[in-house]
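Biologist: Please give me a close look at one part of this model. Then set that part in its wider surroundings.

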Amino acid sequence: MPKKKRAGAGQKPIPKKKHSAAGKEIPMPKKKLKIGFFSLTCCEGCELAVLDLEERLLKALNYIEIADSRLLLEKPLSKKLDIAFVEGSVISKHDLDSLHSIRERSSFLVALGACATIAGIPGIRNSLPDYLQDKIKRNQIKPMKEKAFPISAFVKVDFLLQGCSINEEEFLTFLNRFLHGKTTRLEQIPVCFECKHRQNSCLLLKGIACLGPVTYAGCNALCPSENAQCIGCRGFTDDANFTALDSLFKEIGLSKEERHNLFTYFNQLPEELKEFAKENSGELPNQLKELAGENPKKKIDLEALK
Ligand code: SF4
Ligand code: SF4
Ligand code: SF4
């Protein structure tokens, strides 16, 4: 009589689970993910936010290997990358060449922070009046274009981690979800949702213009919780009602210039993106189409802002 097999005998042992960086349990990967950090034109504050994770970043190294980083390594450890995190905007040919080469090397590309996702702080120059643009030229800063662009204007971007700087908790959540094969957007709600959740009294009722109703959440309503207006650093939501908010800002007493400055502090106006497409390939990448107002829900009342 052949011996009966014990239940489970001959089967592969279940791999031991380890704690993930974000505190949940995930199986140890066979091979660590090779990741890289890259900076275009920016302050490098988003990569610093990742380094700020300290102990938790060290724990995450059970699952990832940092294979390229100007701040951390003398030279790259690998050409091919599973994930490239790119911070900064494109304002020069050097930025553009670097971006194309990073895209070629990487299976998955994450735009890291406001500069990379929506042109952010470098994008402020996009809305400067001509006399200031001229000053920039006279000072011999030679941009490729007279504008700064989010990286999605030039390459396929697989995921956005927003904010100025990014929220490091979101970075860990993204890694955790990526290791589970999930790459869907993290937050789909506006800042107001988190603001109400924190039981803040609304700044709009005090006559302070706030972009919370049209801005993606994920910062836990950082600014309104400190009595400061949201200035849109996490990008505009897909279903934002700009016209209604703009009317409210008018009622509060903001001038056209103040409204224009607030809406464009971190975010580009759709008209500028269309202009860019005309000058270049003539066709906007899909992500920019939405921003440029081809999604009817996404229109800004440009007439009013002029
Ligand atoms: S998003 Fe803000 S913190 Fe991040 S690189 Fe740009 S300016 Fe710096
Ligand atoms: S303060 Fe700003 S974010 Fe908070 S509820 Fe009011 S509009 Fe929304
Ligand atoms: S409240 Fe607005 S400006 Fe402040 S961190 Fe959040 S998204 Fe950015």
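Modeller: What follows starts with one helix, then moves outward.

This is a predicted model, in which local features need pLDDT of at least 70, side-chain atom pairs count only at pLDDT 80 or more, and totals for chains, interfaces and linings use all residues. Residues are numbered from 1 along each chain as its sequence is written, while chains are lettered from A and ligands numbered from 1 in the order in which they are written.

Start with helix H6, residues 168–179 (helices are DSSP runs of H or I, at least four residues; strands are E, at least two; both are numbered from the N terminus). H6 has 12 residues. At 1.5 Å a residue, these should span 16 Å (1.5 Å times one less than the number of residues). The end C-alpha atoms of H6 are 17 Å apart, so the two values agree.

Which residues of H6 are buried? They are Glu168, Phe171, Leu172, Thr173, Phe174 and Leu175 (buried: 20 or more other C-beta atoms, placed from the backbone, within 10 Å; exposed: 12 or fewer; partly exposed: in between). These buried residues pack against H1, helix H2 (55–60), strand S4 (64–69) and strand S7 (159–161). After H6 comes glycine 181. Its phi is positive, near 80 degrees.

Now the approach to H6. Serine 165 sits in the loop between S7 and H6. A cis peptide bond links cysteine 164 to serine 165, with omega at about -5 degrees. Most peptide bonds are trans.

Cys164 leads on to a ligand. It is among the closest residues to ligand 1, together with Cys42, Gly45, Gly113 and Cys115. In total, 14 residues surround ligand 1 (C-beta atom within 6 Å). Two elements each give two or more residues to this shell: helix H1 (45–51) and helix H4 (114–118). H1 is also one of the elements that the buried residues of H6 pack against.

Before S7 there is another point to check. Lysine 147 lies in the loop between helix H5 (130–138) and S7. Lysine 147 counts as buried because 24 other C-beta atoms lie within 10 Å. Its C-alpha atom is 6.5 Å from that of isoleucine 91, a residue 56 places away along the chain.

Beside isoleucine 91 in the numbering is valine 90. Beyond its neighbours within four places in sequence, valine 90 is in contact (C-beta atoms within 7 Å) with Leu40, Asp95, Leu96, Leu99, Ala148, Phe149, Ile151, Ala153 and Phe154. Val90 is also one of the residues with the most contacts inside the largest nonpolar core. The others are Ala84, Phe85, Val86, Ala111, Leu112 and Ile151. This core has 46 residues (buried Ala, Val, Leu, Ile, Met, Phe, Trp, Tyr and Cys, joined through C-beta atoms within 7 Å). Strand S5 (residues 81–87) contributes five, the most of any element. Apart from this core lies another, of 19 residues, including Val191, Cys195, Phe236 and Ala240.

Cys195 and Val191 point to the remaining ligands. Cys195 is among the closest residues to ligand 2, with Cys192, Cys202, Cys210 and Gly212. The shell around ligand 2 holds 14 residues. Val191 belongs to the shell around ligand 3. That shell also includes Gly163, Cys219, Cys223, Cys230, Cys233 and Arg234.

Two asparagines lie in the loop between helix H7 (191–197) and helix H8 (242–252): asparagine 220 and asparagine 227. Phi is positive in each, near 60 degrees for asparagine 220 and near 65 degrees for asparagine 227. Most residues other than glycine have a negative phi. Asparagine 220 is partly exposed, because 13 other C-beta atoms lie within 10 Å. Asparagine 227 is exposed, with 11.

Last, the whole chain. It has 12 helices and seven strands. Of its 306 residues, 38% are buried. Among contacts with a separation of 6 or more, 73% join residues 24 or more positions apart. The mean pLDDT (the predictor's confidence in each residue, 0 to 100) is 80. A value of 70 or more is reached by 73% of residues. Residues 1–23 stay under 50, and the model gives them 20 contacts beyond four places in sequence. Residues 295–306 are also below 50, with 26 contacts beyond near neighbours in sequence. Where pLDDT is low, the predicted coordinates should not be read in detail.

Conventions
Contact = placed C-beta atoms within 7 Å.
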